[in-house]
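Colleague: Got a minute to walk me through the sheet in this one?

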Amino acid sequence: MMELVASNKVVGGWHKRYRHASQTTQCDMTFAIFLPEIVNSGKQVPVLYWLSGLTCTDENFMQKAGAFKVANELGIAIVAPDTSPRGDLVPDDKDAAYDFGLGAGFYVNATQVPYDTHYQMYDYVVKELPSLIENHFPVNEHRAISGHSMGGHGALTLGLKNTTRYSSISAFSPIVHPSACPWGVKAFTGYLGNDKAQWQNHDAVLLIKNKQYEQPIPVLVSQGTSDNFLEEQLQPWHLQKVAADQNYPLHLEMCDGYDHSYFFITSYIEQHLRFHAKHF
């Protein structure tokens, strides 16, 4: 059962927020969906799943990215889940840090106590949420995936591990090699434990290096050169090198002067939407 939380008409289509009881995360989850105007004529449309970054919810992209006009023109629905399970019973980081726990699910299925009960974000995004969307909204079987920062990591890894489910992948400022950066090491240790063999299943650089995908699908990555997390956390050159080594169809564009904010995403979201539309 889904509860409608908010509904706003925009550019002829609709932005709606829903809350539902998730069997995967064992708590209430909230997601947002944009439905383009063309669905009013009975047409089913493809879906872009957007995964947000640390501290974000479903609201950040929908309110700040400026994606609706182009998505409406292209006839693309956009679905934005939350970034982690929520609720009084869901464990948080013991120090309430921004980069672990609530708002920082990292799109993995946690195996470590106490996070393993609720932090099953991989299965939620790949399985439960699409099933819910496809059963309740006028969408077809065509899906793409995109995201920002931690969500860029999620888009890359979920997309690469499910190349028959998605037609294309894109990412803004993604964490490409989480096994080797502070954000990723902290999250993987907390959610997956110390066995680094498990980490490689959620690391885009290692997934491409080890060819852990069924078939190659196109990837677009945009990265700002003035991003204050570029050197320590993001390091897109690792992804560019391994893609070149493995002849994987990935395009990395370095965007001069842009930072890590939604000012950057707003500037390039049209390009990403048209990239996905071309591959549906």
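Modeller: Sure, one term before we start: a crossover is right-handed if, with the strands pointing away from the viewer, the path from the first strand over the helix to the second runs clockwise. And keep in mind that this is a predicted model.

Colleague: What handedness does the β-α-β unit of β6, helix α4 and β7 have?

Modeller: Start with the strands: β6 and β7 pair in the parallel sense, over four bridges. Serine 146 sits opposite serine 170 of β7 there. Helix α4, residues 150-161, completes the unit with these two strands, and its hand is right-handed.

Colleague: Which strands are at the edges of the sheet?

Modeller: The sheet is open, with nine strands in the order β1-β2-β3-β5-β4-β6-β7-β8-β9 and mixed pairing. An edge strand here pairs on one side only, and that picks out β1 (2-10) and β9 (250-255).

Colleague: Which strand does β9 pair with, and in what sense?

Modeller: Look at valine 219, which faces leucine 250 in β9. Helix α9 (residues 236-245) packs on the sheet here and touches both β8 and β9. Six bridges join β9 to its partner, which is β8 (residues 219-224), and the sense is parallel.

Colleague: How many of the residues of β6 are buried?

Modeller: On one side β6 pairs with β4 in the parallel sense over six bridges, with valine 47 opposite arginine 143 of β6. Helix α10 (residues 262-279) lies across several strands, including β6 (139-148). Taking buried as under 20% relative accessible area, β6 is mostly covered, and the count out of its 10 residues is eight.

Note on methods
Residues numbered from 1 in each chain as written. Predicted model: local features only at pLDDT ≥ 70, side-chain atom pairs only at ≥ 80, totals over all residues. Heavy atoms only, no water. Pairing = 2+ DSSP bridges. Contact = heavy atoms within 4.5 Å. Axes fitted to C-alpha atoms, helices over the stretch in contact; angles between N-to-C directions. Buried < 20%, exposed > 50% of the residue type's maximum accessible area, 1.4 Å probe, protein only.
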